[in-house]
Every structure is written in C-alpha cells, then in structure tokens.
Amino acid sequence: MKADSVRGHLDALLLAALEAGPAHGYAIITAVEERSAGALELRKGTVYPALNRLERLGLLRSAWEASGERRRRRYELTDAGRRTLAEERTSWRAFTTAIDAVLNPSPAP
C-alpha cells in the first residue's frame, strides 16, 4: 500500500491505537501496523509530530516515564479524543459506504 495512503486518516488511526489504553510512540506505530496486517506502515517522522499536534488540540495527553535507563513519552486519549474518535468512525463508515456504492453498484432489479 502506498505510504501516503494514510493521509487524511492518520489522526483517526492514532486515536484508535490509543483507545485500549496508554502507549508510547513505538507501541502506537506497532499497533497500527499489526492491526492492518502490515498494510499500513507509519513513519516516525510523521507520527510524532501528529501526536504532538493531537495533544495541542486536547485530544491526547502525555507524560514522560522511565523505561530502564531510557525515558519514553506515554500518550493517552482524553475525553475529547474519545469523542473525536467516535466522530471519525461515523464519518469513515459513511465515506466507505458511499465509495462502495459507486465501485460496486447493485444490479438493477
């Protein structure tokens, strides 16, 4: 799948990856890749700026935590992030239904 396939959908993918609970950036990237069976590959250079933007919008919050001698930033959804994720899912279903109706028209009765 093309690398830019997630364009316009990255925010929803990141929010969905965090729905089950807090995670650090690498775990978020891995979750998206695993859920898509490897079809979607996210670049770190794209994900981290998006996470920062989502946090500025109040959809995520983050905190630094120690992992051995390393520090990692852990992200989690806010209530606003959960509401936005629900809206994104509704919008996605409407979009895919419309596209499917065009690509796979029902035979005329």
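Let us start with a word we will need often: two residues are in contact when they have heavy atoms within 4.5 Å of each other. A second pair of words concerns the backbone: helices (H or I, at least four residues) and strands (E, at least two) are DSSP runs, numbered from the N terminus.

The structure above is a predicted model, in which local features need pLDDT of at least 70, side-chain atom pairs count only at pLDDT 80 or more, and totals for chains, interfaces and linings use all residues. Residues are numbered from 1 along each chain as its sequence is written, and side-chain values use heavy atoms, leaving out hydrogens and water.

Now look at the whole chain. The protein chain has four helices and three strands, and along the sequence they follow the pattern α-β-α-α-β-β-α. Its C-alpha trace spans about 65 × 30 × 20 Å along the principal axes. Of the 109 residues, 28% count as buried. Here buried means under 20% relative accessible area, exposed means over 50%, and partly exposed is in between (1.4 Å probe, protein chains only).

Next, find helix α1, residues 10-17. This helix is mostly covered, with six of its eight residues buried: Leu10, Ala12, Leu14, Leu15, Ala16 and Ala17. What do the buried residues of α1 pack against? Their partners are α2, α3, β2 (60-67), β3 and α4.

From here we can step into the largest nonpolar core. A nonpolar core is a set of buried Ala, Val, Leu, Ile, Met, Phe, Trp, Tyr and Cys residues joined through side-chain atoms within 4.5 Å. This one holds 23 residues, and those touching the most other members are Leu14, Leu15, Leu18, Ile28, Leu42, Leu51 and Leu60. Two or more residues of this core come from each of α1, α2 (25-35), α3 (44-56) and β3 (70-77), and α1 gives the most, with five residues. Leucine 18 is a good place to see the packing: leaving out residues up to four places away in sequence, it touches Ala23, Ile28, Leu60, Tyr75 and Leu77.

Step back to the segment before α1, where you will find valine 6. Valine 6 counts as buried because its relative accessibility is 11%. Apart from neighbours within four places in sequence, valine 6 is in contact with Leu13, Leu40 and Leu42.

Two alanines make a nice pair of stops. Alanine 37 lies in the loop between α2 and α3. With a relative accessible area of 72%, alanine 37 is exposed. Its backbone deserves a look as well. Most residues other than glycine have a negative phi. Alanine 37, although not a glycine, has a positive phi of about 55°.

The other stop is alanine 86, in helix α4 (residues 79-103). Alanine 86 counts as partly exposed because its relative accessibility is 42%. How far apart are the C-alpha atoms of alanine 86 and alanine 12, which are 74 residues apart along the chain? They are separated by 9.2 Å.

Finally, consider what the record adds. An unreviewed UniProt entry lists residues 14-87 as "domain: Transcription regulator PadR N-terminal". The end C-alpha atoms of residues 14-87 lie 14 Å apart, and the span is 50% helix and 24% strand. Such annotations may be inferred rather than shown by experiment.
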